[in-house]
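Here are some exercises to work through with the model open beside you. Try each task on your own before reading its solution.

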Amino acid sequence: MNPPFALILSGPPGAGKTTLSSLVAEEYSLSTVFEADSLWNGVVCGLIDPWASEALDQNRVLVRTSLRAGACLSEGGYATVLSLHATPQSMCEMAREITDFVVPVHYIVLRPSLAACLDRCAGREGDPRHQGALSDVEAIRHLYAGYAELGGYERFVLDTSALSISESVALICEAMARGTFRIRAEEFS
């Protein structure tokens with residue numbers, strides 16, 4: 001049995017989070033995927049578009065909730081993959097929650113080219129895994145911009161533009177085994 005861990009798999013719409021999270025999880029004997037988008041989809045009344053500037057407080061709460069769920073799952077022995085939009089604006093919230101994890105935490109920002117993200121978003125209509133997924137080109141461009149320049153967090157970026165899905169899964173699993181993307185709360189200051 002594999003030792004538990006948490007992998008926060010982040011990136012803009014169309015980066016491959018949904019596809020890669022379940023495929024990465026399948027590589028481990030006891031694993032789970034937590035799709036954080038389900039929290040945004042679960043807001044019944046008062047949802048603010050997550051890319052809107054006035055959504056900051058809403059997004060903080062939902063990011064923290066996602067991370068708490070990930071901590072519980074990984075503490076329960078699961079190799080846990082969190083599919084989550086976690087931009088630098090979320091880093092403060094992430095630091096608070098990551099201190100509560102008792103397992104190794106890895107953070108990967110999938111960042112293929114903008115063209116690849118737009119193409120993938122356009123091509124996923126009709127895919128049941130992406131029902132209700134964002135397809136507005138300007139919103140996607142805006143969200144992508146939040147991942148374009150990460151400054152000190154660039155070490156967590158993985159460009160999958162030229163990689164196949166299986167190559168991406170293999171690279172992620174190998175990098176996690178080496179600890180390449182392992183994080184600690186103090187890195188998110």
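A residue is called buried when its relative accessible area is under 20%, exposed when that area is over 50%, and partly exposed in between. Keep these cut-offs at hand, and bear in mind that the model is predicted.

**Exercise 1. Classify Asn59 as buried or exposed, then describe its surroundings.**

Solution. Start with the location: Asn59 belongs to helix α3. Next, take its relative accessibility, which is 15%. Because buried means under 20%, Asn59 counts as buried. Now look for its partners. Once residues up to four places away in sequence are set aside, Asn59 touches Trp40 and Pro50. Finally, turn to Glu93, which is 34 residues from Asn59 along the chain. The C-alpha atoms of these two residues are 9.7 Å apart.

**Exercise 2. Outline the overall fold and say how much of the protein is buried.**

Solution. Begin by counting elements: the protein has seven helices and six strands. Then put them in sequence order, which gives β-α-β-α-α-β-α-β-α-α-β-α-β. For burial, consider the 189 residues of the protein, of which 48% are buried. The exposed surface comes to about 9,100 Å², with carbon and sulfur atoms supplying 54% of it. As a last step, take the contacts between residues at least 6 apart in sequence: 79% of them join residues at least 24 apart.

**Exercise 3. Work out how β1 is covered and which strands pair with it.**

Solution. First, check burial along the strand: six of the six residues in β1 are buried. Then split them by face. Phe5, Leu7 and Leu9 lie on one side, Ala6, Ile8 and Ser10 on the other, and both faces are covered.

Next come the pairings. β1 pairs with strand β3 (residues 79-83) in the parallel sense, over five bridges, and in that pairing Leu9 stands opposite Ser83. β1 also pairs with β4 in the parallel sense, again over five bridges. There, Leu7 stands opposite His106.

Finish with the core. The largest nonpolar core holds 48 residues, and Ile8 and Ile172 have the most contacts inside it. Leaving aside neighbours within four places in sequence, the contacts of Ile8 include Leu67, Leu82, Met94, Val105 and Ile108.

**Exercise 4. Describe the aromatic pair formed by Phe5 and Tyr28.**

Solution. A pair of aromatic rings is described by the distance of the centres and the angle of the planes. Two aromatic pairs are counted in this model. In the one formed by Phe5 and Tyr28, the centres are 4.9 Å apart and the planes make an angle of 70°. Because planes over 60 degrees apart count as edge-to-face, the pair of Phe5 and Tyr28 is assigned to that class. Now place the partners: Phe5 is in strand β1 (residues 5-10), whereas Tyr28 is in the loop between α1 (17-25) and β2 (31-35), so the pair ties together parts that are 23 residues apart in sequence. Both Phe5 and Tyr28 are buried.

**Exercise 5. Examine three of the five salt bridges, noting for each the distance and the burial of its partners.**

Solution. Take Arg60 and Asp57 to begin with. Their closest N and O atoms are 3.5 Å apart. The two residues are three apart in helix α3 (residues 56-75), which means that about one helical turn separates them. Arg60 is partly exposed at 31% relative accessibility, while Asp57 is exposed at 55%.

Move on to Glu97 and Arg68, whose closest N and O atoms are 3.1 Å apart. Glu97 sits in helix α4 (residues 91-98) and Arg68 in helix α3, so this bridge ties together parts that are 29 residues apart in sequence. Glu97 is buried, with a relative accessible area of 3%, whereas Arg68 is partly exposed at 45%.

Turn now to Arg111 and Glu154, which meet at 2.8 Å, N to O. This pair links distant parts of the chain, 43 residues apart: Arg111 is in the loop between β4 (105-110) and α5 (114-123), and Glu154 in the loop between α6 (137-148) and β5 (157-158). Arg111 counts as buried at 15% relative accessibility, and Glu154 as partly exposed at 28%.

To close, look for shared partners: salt bridges join Arg64, Arg68 and Glu97 into one network.

Conventions: Residues numbered from 1 in each chain as written. Predicted model: local features only at pLDDT ≥ 70, side-chain atom pairs only at ≥ 80, totals over all residues. Heavy atoms only, no water. Phe/Tyr/Trp six-rings, centres within 6.5 Å; stacked < 30°, edge-to-face > 60°. Helix = DSSP H or I, 4+ residues; strand = E, 2+ residues; numbered from the N terminus. Buried < 20%, exposed > 50% of the residue type's maximum accessible area, 1.4 Å probe, protein only. Contact = heavy atoms within 4.5 Å. Areas by Shrake-Rupley, 256 points an atom, 1.4 Å probe, with all protein chains shown as cover. Salt bridge = Lys/Arg side-chain N within 4 Å of Asp/Glu carboxyl O. Core = buried A, V, L, I, M, F, W, Y, C linked by side-chain atoms within 4.5 Å. Pairing = 2+ DSSP bridges.
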